[in-house]
Amino acid sequence: MASIGLKKSLERAMEVEWDGHAFYEKAAGQSQHGQTQGIFEMLRDEEKTHAEYLLQVHSLVDDSGKITGAPTITMDKDFKLLFKEASA
């Protein structure tokens, strides 16, 4: 099986993150409960952060397929904290 390459893999991963973003956006809009809506909105925002991180990594991949730097976006949100904040 041929490798699809790092850039293509990152592009696919970004698509998955944006699909998740759309899913959580829709779920938040359909939610009847404020806390549940808040959780969906935070998950939506996390998906956006993931997609932006992957986009930044994608931009750092050179023509030989090597990553030439480090992303400046950090993803340090603790999911336990995420749900604690949503239920507050």
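This is a short tour of the model, one selection at a time.

**Start with the whole chain**

Keep in mind that you are looking at a predicted model. Show it as a cartoon and you should find 3 helices and 0 strands. Going from the N terminus, the order of elements is simply α-α-α. Now colour by pLDDT: the mean for the protein is 85, and 81% of the residues reach 70 or more. Helix α1 has the highest confidence, with a mean of 96, while α3 (residues 79-86) has the lowest, at 59. Where pLDDT is low, predicted coordinates should not be read in detail. With that in mind, the stops below stay on α1 and α2.

If you switch on a surface, about 6200 Å² of the protein is exposed, and carbon and sulfur atoms supply 55% of that. Of the 88 residues, 26% are buried. As for contacts between residues at least 6 apart in sequence, 58% of them join residues at least 24 apart.

**Select helix α2**

Pick residues 34-59, which make up helix α2. Try a distance between its two end C-alpha atoms: they are 38 Å apart, and since 26 residues at 1.5 Å a residue should also span 38 Å, the two values agree. Next, highlight the buried residues of this helix; among them are Gly 38, Met 42, Leu 43, Glu 46 and Ala 51. Arg 44, Glu 47 and His 50 belong to that buried list too.

**Select the nonpolar core**

Show side chains for Leu 10, Met 14, Leu 54, Val 57 and Val 61, the 5 residues of the largest nonpolar core. Helices α1 and α2 are the elements that each give two or more residues to this core. In general, nonpolar side chains tend to be buried together in soluble globular proteins. Click on Met 14 for a closer look: leaving out residues up to four places away in sequence, Met 14 touches Ala 51, Leu 54, Leu 55 and His 58.

**Select Arg 44 and His 21**

Is Arg 44, a residue of helix α2, buried or exposed? Arg 44 counts as buried, because its relative accessibility is 17% and the cut-off for buried is under 20%. Not counting residues up to four places away in sequence, Arg 44 touches His 21, Tyr 24 and Glu 25. You can also draw a line from Arg 44 to Asp 19: their C-alpha atoms are separated by 9.9 Å, although the two residues are 25 apart along the chain.

Hop across to His 21, which sits in helix α1. His 21 is buried as well, with a relative accessible area of 18%. Apart from neighbours within four places in sequence, His 21 is in contact with Arg 44, Glu 47 and Lys 48.

**Finish with the rings**

How many aromatic pairs does the structure hold? There are 2 aromatic pairs. Phe 23 and Tyr 24 form an edge-to-face pair, 5.2 Å centre to centre with 75° between the planes. Tyr 24 and Phe 40 are stacked instead, 6.2 Å centre to centre with 25° between the planes. That stacked pair links distant parts of the chain, with Tyr 24 in α1 and Phe 40 in α2, 16 residues apart.

Select Phe 23, Tyr 24 and Phe 40 together and you have the cluster that the ring pairs link up. Check the outer members with the surface on: Phe 23 is exposed, at 52% relative accessible area, and Phe 40 is partly exposed, at 23%.

Note on methods. Residues numbered from 1 in each chain as written. Predicted model: local features only at pLDDT ≥ 70, side-chain atom pairs only at ≥ 80, totals over all residues. Heavy atoms only, no water. Phe/Tyr/Trp six-rings, centres within 6.5 Å; stacked < 30°, edge-to-face > 60°. Buried < 20%, exposed > 50% of the residue type's maximum accessible area, 1.4 Å probe, protein only. Helix = DSSP H or I, 4+ residues; strand = E, 2+ residues; numbered from the N terminus. Contact = heavy atoms within 4.5 Å. Areas by Shrake-Rupley, 256 points an atom, 1.4 Å probe, with all protein chains shown as cover. pLDDT = per-residue confidence, 0-100. Core = buried A, V, L, I, M, F, W, Y, C linked by side-chain atoms within 4.5 Å. Expected span 1.5 Å × (residues − 1).
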